Amino acid sequence: MFAAALVGASFIPKLHIVQTLGTAFDGRWYLEIARHGYPDRLYQEGQGSRWAFFPGFPAVVRAFSEVTRLSLPDAAVLAAFVCGLTSALAIWLAVREVSGARLADRAVLLYVFCPTAYVLSLAYTEGLFLTVAAGCLFALSRRYWITAALCACAAGLTRNTGIAVILAVLVMALPAAWRGRAWRPAVAAVIAPLGLVAFMAYGWAAVGTPVAFFSAERFWQGQHFVWFLTPFGALFAALHAGPGGTTFMTDAMAGLALILGFFGIWLFDRMSRTPRTVGGAIATVPGSWWVYTIGALLIAYSAYFTNSIPRYTMAAFPLFVAFAWKLPRSMESAVVGVLACLQGALLVGVLSSAMHPSALSLLH
């Protein structure tokens, strides 16, 4: 990614790599929240609203800045790097617990070289969210109920996909509490939604609605819930217009994310039905993994803008396990090489398009 950024800087003289990585697109909104918090009303702030973004990542950026004395853009890049690393480690631990170390190695390899994983180098929430989401699934596999609940609580403060993490905890904890009359899973079921509930309560008190993060989306070109139609429409548009279409690239990527999601679910189901042993025991895919994966995909496919769908789909990381399970070892190097090239090309494109007027004031 650093090499790709250098390529971008070679033909964009005004591009300051670190600052751009820390302020590009959504990154500038997170920095505004880290600087000033949230406003006391819902209104159009330039081309959007801070209320559409959750407070978890801005809080991490602010903490990094306070501890390291770095500027907020530099601290955001450092936080993204650290969270990207911890997300890979958390995913590896979660997959190893269910499918063994060998499949965990290959799944993380596909994750870090996934074309949309360039966002792990930007001041975006993916690294932080996947750290706590994978940490939650790992903790559930070990029956570390309180740890799982705290991870779900953090996920609810990071992005709306945290709902899928919370549901995964509830699906596992409530039956365990009922069957075993145990207090830990019962407490976990109470703790898990507290992060999301706290943010909703804060929004209610500040601007009069508990779903301020949802209401604020209308400030982006009238964005609204579209009943999962966007990826289907994008796929149809890409097939209908062909490579000559003005939005072919974003439509094709969103359509491909839809196809890979359905194909990944099919592979995941096949993998779960195939007898395997991990550590001498029969390995099964926990129900929490299914709940989280389906939930993450549904939230990704509910996006209003086609260019958001590919990176949102990456949150359904158990699908990387399914693809790794089916990927022939003889093709592994070739596949990773192609994915790495695509990831680098996407980052160059993102850095190039980030040099727009609304970002220039933050880059100086």
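**Entry 1: alanine 300**

I started with alanine 300, which sits in helix H15, residues 287-301. The model I am reading is a predicted one. Is alanine 300 buried or exposed? Its relative accessible area is 1%, and a residue counts as buried under 20%, so alanine 300 is buried. I then looked up its contacts, leaving aside neighbours within four places in sequence, and found Ile309, Tyr312 and Thr313. I also took a distance: the C-alpha atoms of alanine 300 and isoleucine 265 are separated by 14 Å, with these positions 35 residues apart along the chain.

**Entry 2: the whole chain**

Next I stepped back to see the chain as a whole. I noted 19 helices and two strands. The radius of gyration is 20 Å, close to the 21 Å from the globule rule for 364 residues, so the chain is as compact as a globular protein of that length. Along the principal axes, the C-alpha trace spans about 60 × 55 × 45 Å.

How much of the chain is buried? I found that buried residues make up 52% of the 364. For contacts with a separation of 6 or more, 72% join residues 24 or more positions apart. The accessible surface comes to about 16600 Å², and carbon and sulfur atoms hold 68% of that. I also looked up the charges: there are 23 positive and 13 negative ones, and their mean positions lie 9 Å apart.

**Entry 3: the core and tryptophan 289**

Then I went inside. The largest nonpolar core has 113 residues, and those with the most contacts inside it are Leu140, Trp289, Tyr292 and Phe317. Which helix gives this core its largest share? It is helix H5, residues 72-99, with 12 residues.

I picked tryptophan 289 from that list for a closer look. Not counting residues up to four places away in sequence, tryptophan 289 touches Ala94, Val95, Val98, Leu137, Ser141, Phe268, Phe317, Pro318 and Val321. Phe317, one of these partners, is also among the core residues with the most contacts.

**Entry 4: phenylalanine 320 and threonine 116**

I moved on to phenylalanine 320 in helix H17, residues 318-326. Its relative accessible area is 11%, which is under the 20% limit, so phenylalanine 320 counts as buried. Which residues does it touch, beyond those up to four places away in sequence? I wrote down Ala107, Leu110, Tyr111, Cys114 and Met314. Proline 175 is 145 residues from phenylalanine 320 along the chain, and their C-alpha atoms are separated by 28 Å.

Met314 led me to threonine 116, which touches this methionine along with Pro310, Arg311 and Leu346, again not counting residues up to four places away. Threonine 116 is found in the loop between helix H6 (101-113) and helix H7 (126-142). I checked whether this loop residue is covered, and at a relative accessible area of 8% threonine 116 is buried.

**Entry 5: two arginines with positive phi**

Backbone angles came next. Most residues other than glycine have a negative phi, so I made a note of two arginines. Arginine 69 has a positive phi of about 65°. Arginine 143 also has a positive value, near 60°.

Where do they sit? Arginine 69 is in the loop between helix H4 (56-68) and H5, while arginine 143 is in the loop between H7 and helix H8 (145-156). I compared each with the limits for exposure. Arginine 69 has a relative accessible area of 64%, over the 50% limit, so it is exposed. Arginine 143 comes to 45%, which makes it partly exposed.

**Entry 6: phenylalanine 2 and histidine 224**

I closed with two residues and their distances. Phenylalanine 2 is found in helix H1, residues 2-10. Is phenylalanine 2 buried or exposed? At 58% relative accessibility it counts as exposed. I then looked across to leucine 347: the two residues are 345 positions apart along the chain, and their C-alpha atoms are separated by 9.6 Å.

Histidine 224 lies in the loop between helix H12 (212-215) and helix H13 (229-241). With a relative accessible area of 43%, histidine 224 is partly exposed. How far is it from serine 99? I noted 38 Å from C-alpha to C-alpha, for residues 125 apart in sequence.

Notes
Residues are numbered from 1 along each chain as its sequence is written. This is a predicted model: local features need pLDDT of at least 70, side-chain atom pairs count only at pLDDT 80 or more; totals for chains, interfaces and linings use all residues. Side-chain values use heavy atoms; hydrogens and water are left out. Helices (H or I, at least four residues) and strands (E, at least two) are DSSP runs, numbered from the N terminus. The radius of gyration is taken over C-alpha atoms; the globule rule is 2.2 Å times the number of residues to the power 0.38. Buried means under 20% relative accessible area, exposed over 50%, partly exposed in between (1.4 Å probe, protein chains only). Contact means heavy atoms within 4.5 Å. Accessible areas come from the Shrake-Rupley method with a 1.4 Å probe; for residues, only the protein chains shown count as cover. Lys and Arg count as positive and Asp and Glu as negative; His and the chain ends are not counted. The place of a charge is taken as NZ of Lys, CZ of Arg, CG of Asp or CD of Glu. A nonpolar core is a set of buried Ala, Val, Leu, Ile, Met, Phe, Trp, Tyr and Cys residues joined through side-chain atoms within 4.5 Å.
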